Amino acid sequence: MTTTTTTTTATTTTTTTAKTKPHFWKWAIASIIFRLILIYFPKNLNLATRPEVSTPVTSLRRLAEGYWLTQSSMSPYAGSMYHGSPLLLSVLGPLTMKKIEGQPYHLLCSLVSVIADFISAMLIRATGLKLRMAYCERLKLLGLGKLFEVSEILPSEDIAALVYLWNPFTIVTCVGFNTAPVENLFIILSLYGASTRVAPLAAFGWVIASHLSLYPTILIIPVILLLGNGPDATPKKLLLMYKKDEGGSSSKGRVVNGLTEQKSFSWRPVGLFFVWVFIWTLYTLFMCGIFMRNYGGLSEMFSRTYGFILTVEDLSPNIGVLWYFFAEVFEFFRDFFLIVFHLNILFMILPLAIRLNHRPCFLAFVYMAICSMLKPYPSVGDSALYLALLALFFNELAEMQFSFFLFCGYVGVSLLSPVMHNLWIWRGTGNANFYFATGMAYACFQIILVVESVSAMLNHDRKIRKLVAANIS
């Protein structure tokens, strides 16, 4: 009887997914066409100069300047313009010298961003499918298969992929001539490799993502949890019904309040992950060393990339809050507050990992949202990534509070930020406080989003726990 029910449910899920596939691909292809149309009008949009879109670390204009310096036999980091990876300089640099219809790099580099966005969306979709199937199987084991419902419109993984493709933040990042789409691609690649337990792929994505923008380094905890425990599921106490064999001993594991706790953490893929991390790190440093052999070596690269990020040397306005703070703080206290802001991220890693260890992908969303709030050079591309990860848990977070308020807040900040920047920089009728106020509001909305989403997820897990306890009693 159970087998028949499971087969019927799987058949229904497959049929529903099959019906929604044409709709998904129509919207996905339309998003690509929309991007291709926009990249032909870069001068009209003028997004490359927007501080919300391009940062000193991700700007392709700065990358083009760095590549020009290397063509002139100078260090790409001379003049304090370029602060990205030498690998990006090697791959994207030549594209900045190609001319198509009089546009030096707009077209080719934007095409790279379009391709990166599409691949990222497909990886998000594949990761979401893996998570949904694992979650469905776990609910069936708990006898709560009726709780799992596939949306009549689109399943959660398709929704997440379309959220990434059609998010205005993603679109302006793609058209805004920066490297954020490539960085997001490697972050998603790492999570996809971990969710499928392909250690070399997870290690490759994590190493390259950390090399490009430093902050994805903290994703090593969600990646390890995904490799060891598998995709997201219910908490570590799997809430399996208490069963005893004929001898009266537990047949599932240690008994806790009538429920059993399975110890299924697998160290083998985690060990392979660290081996491949070592291999990919050596390879990355070797390639960077070859590129930098005439320009000061790896020490120069570390100083001009990671050192630039950690010391917050460039105080040009952006959508974050650190630029204003360090522009106002006394120089005597600068080093102290640098340590405070960077340690603030590290202090949150362990408590969140302990509380959300049963949902590694959701933990990755929380980490990325926190980094987007506290990193020195944030952009809307960071928000595009974590919002897509949040959409993977569309069903679990259906009862999240303040959703409409947060939506209106994000829209309001997106509209007000360019206005305040224009009043301050170009019209001279405002001051830095105008633009900083939008950055503060943006940070507050992100804080509310993280707090409410975590609360909704924990309430969802608590609801499942109560239902299973009721079934047992």
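These legends describe an overall view and several close-up views of a predicted model.

**Figure 1. Overall view of the protein chain, with 19 helices and three strands.** The chain has 473 residues, and 53% of them are buried. Its exposed surface comes to about 22,100 Å², of which carbon and sulfur atoms supply 67%. Among contacts with a separation of 6 or more, 75% are between residues 24 or more positions apart.

**Figure 2. Confidence along the chain, with a mean pLDDT of 84.** A pLDDT of 70 or more is reached by 83% of the residues. Residues 1-19 stay under 50, and the model gives this stretch nine contacts beyond four places in sequence. Residues 239-261 are also below 50 in pLDDT. That stretch has 40 contacts in the model beyond near neighbours in sequence.

**Figure 3. The aromatic pair of W27 and W166.** The model has 31 aromatic pairs. In this one, the ring centres of W27 and W166 are 6.0 Å apart and the planes stand at 85°, an edge-to-face arrangement. W27 belongs to helix α1 (residues 2-38) and W166 to helix α6 (residues 156-166), so the pair ties together parts that are 139 residues apart in sequence. W166 is partly exposed, at 29% relative accessibility.

**Figure 4. The aromatic pair of F325 and F341.** The two ring centres lie 5.1 Å apart, and the planes meet at 70°. The pair is edge-to-face because planes over 60 degrees apart are counted that way. F325 is in helix α14 (residues 322-328) and F341 is in helix α15 (residues 334-355), with their positions 16 residues apart in sequence. F325 has a relative accessible area of 30% and is partly exposed. F341 has 18% relative accessibility and counts as buried, because the cut-off for buried is under 20%.

**Figure 5. A cluster of aromatic rings.** Ring pairs join five residues here: F186, F204, W276, W280 and Y283.

**Figure 6. R125 over the ring of F24.** R125 lies over the face of the F24 ring, at 4.2 Å from the ring centre. R125 appears again in the view of E157, where the two residues touch.

**Figure 7. Surroundings of E157 in helix α6.** E157 is buried, with 2% relative accessibility. Leaving out residues up to four places away in sequence, E157 touches R125, G128, L129, R132 and L392. The C-alpha atoms of E157 and L131 are separated by 8.6 Å, and these two residues are 26 residues apart along the chain. Helix α6 also holds W166, shown above in its pair with W27.

**Figure 8. Surroundings of S120 in helix α5.** Helix α5 covers residues 106-141. S120 has a relative accessible area of 0% and is buried. Apart from neighbours within four places in sequence, S120 is in contact with Y164, P181, N184, L185 and I188.

**Figure 9. Two cysteines, C174 and C444.** C174 is buried, at 0% relative accessibility. C444 has a relative accessible area of 40%, which makes it partly exposed. A disulfide is a covalent bond between the sulfur atoms of two cysteines. The search of the whole structure finds zero disulfides.

How values were computed. Residues are numbered from 1 along each chain as its sequence is written. This is a predicted model: local features need pLDDT of at least 70, side-chain atom pairs count only at pLDDT 80 or more; totals for chains, interfaces and linings use all residues. Side-chain values use heavy atoms; hydrogens and water are left out. Rings of Phe, Tyr and Trp (its six-membered ring) pair if their centres lie within 6.5 Å; planes under 30 degrees apart count as stacked, over 60 as edge-to-face and the rest as tilted. Helices (H or I, at least four residues) and strands (E, at least two) are DSSP runs, numbered from the N terminus. Buried means under 20% relative accessible area, exposed over 50%, partly exposed in between (1.4 Å probe, protein chains only). A charge sits over a ring if NZ of Lys or CZ of Arg is within 6 Å of the ring centre and within 35 degrees of the ring normal. A disulfide is a pair of cysteine sulfur atoms within 2.5 Å. Contact means heavy atoms within 4.5 Å. pLDDT is the predictor's confidence in each residue, from 0 to 100. Accessible areas come from the Shrake-Rupley method with a 1.4 Å probe; for residues, only the protein chains shown count as cover.
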